[in-house]
Amino acid sequence: MSKVVLEGYIVVPDNDLAAVTAELPTHIEHSRKEDGCLQFEVTQQPEAQNIFNVYEEFVDRHAFEAHQLRVSTSAWGNIAANVERHYSVTEIE
C-alpha cells in the first residue's frame with residue numbers, strides 16, 4: 001500500500017476568515033484522531049493572514065478517502081466551502 005500525502009495551501013476569503021480560524025482547531029483535532037492519519041498540519045502564514053499551508057499524510061488511499069468523506073459532511077466542510085484550494089496529492093511507496 002502507498003502512503004498518501006497532500007501538500008499545498010488554501011486561500012480564505014476575507015468574509016470567511018473569522019469563521020475558518022475559529023473552526024480550524026476542531027478540524028485539526030478531529031483529523032488527527034482519524035484512523036490512518038499520520039500527520040495533519042494547517043498553519044496560517046503570518047505575512048498573509050488569508051493563506052494557510054496544509055500538509056497531510058495518511059497510511060493509504062482508503063484512509064485519505066475516508067478523511068475526505070468525513071470532511072465533506074462536517075462543520076469544517078460547511079465553513080470552508082468558499083476556500084480556494086491549491087493542493088497536490090501524491091502516493092508514496
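Is I28 buried or exposed? I28 counts as buried, because its relative accessibility is 12% and the cut-off for buried is under 20%. The model described here is predicted, and the values in this report are computed from it.

**The helix that holds I28**

I28 belongs to helix α1, which covers residues 17–32. Along the chain, I28 and W76 are 48 residues apart. In space, their C-alpha atoms are separated by 9.7 Å.

**The sheet**

Four strands make up an open sheet, and their order across it is β2-β3-β1-β4. The pairing in this sheet is antiparallel. β2 and β4 are the edge strands; each has a single partner strand, so one side of each has no neighbour in the sheet. On average, neighbouring strands are turned by 10° against each other, with direction ignored.

The strand pairs can be described by their bridges. β1 and β4 run antiparallel and are joined by nine bridges. β1 also pairs with β3 in the antiparallel sense, over eight bridges. β2 and β3 are paired in the antiparallel sense over eight bridges, and a hairpin of two residues joins β2 to β3.

Some of the bridge partners are listed below.

| Residue | Bridge partner | Strand of the partner |
|---|---|---|
| V4 | E91 | β4 |
| E7 | S88 | β4 |
| V4 | F58 | β3 |
| V11 | I51 | β3 |
| C37 | F58 | β3 |

V4 appears twice in the table: its bridge partner in β4 is E91, and its bridge partner in β3 is F58. F58 is also listed twice, as the bridge partner of V4 and as the bridge partner of C37.

**The aromatic pair**

F58 also takes part in an aromatic contact. A pair of aromatic rings is described by how far apart the centres are and by the angle between the planes. The count of aromatic pairs in this model is one. The pair is formed by F58 and F64, with 5.9 Å from centre to centre and 65° between the planes. Why is the pair called edge-to-face? The angle between the planes is 65°, and planes over 60 degrees apart count as edge-to-face.

Are the two residues of this pair buried or exposed? F58 is buried, because its relative accessible area is 0%, and the cut-off is under 20%. F64 has a relative accessibility of 6%, so F64 counts as buried too.

**The largest pocket**

How much space lies in the largest pocket? The largest pocket holds about 240 Å³ of space. Its lining consists of 16 residues, and those closest to the centre of the pocket are H27, V71, W76, R85 and Y87. W76 is also the residue whose C-alpha atom is separated from that of I28 by 9.7 Å.

Several elements give two or more residues to the lining: the strands β1 (3–11), β2 (37–45), β3 (48–58) and β4 (84–92), together with the helices α2 (61–72) and α3 (75–79). Which element gives the most to the lining? It is α2, with four residues.

The lining can also be sorted by residue type. Nine of its residues are nonpolar, five are polar and two are charged.

Conventions: Residues numbered from 1 in each chain as written. Predicted model: local features only at pLDDT ≥ 70, side-chain atom pairs only at ≥ 80, totals over all residues. Heavy atoms only, no water. 1 Å grid on protein atoms, 1.4 Å probe; cavity = no way out; pocket = protein on both sides within 12 Å on 5 of 7 lines; lining within 4 Å. Points joined across faces, edges and corners; volume = space filled by probe spheres on them. Nonpolar A, V, L, I, M, F, W, Y, C, P; charged D, E, K, R; others polar. Phe/Tyr/Trp six-rings, centres within 6.5 Å; stacked < 30°, edge-to-face > 60°. Buried < 20%, exposed > 50% of the residue type's maximum accessible area, 1.4 Å probe, protein only. Pairing = 2+ DSSP bridges. Axes fitted to C-alpha atoms, helices over the stretch in contact; angles between N-to-C directions.
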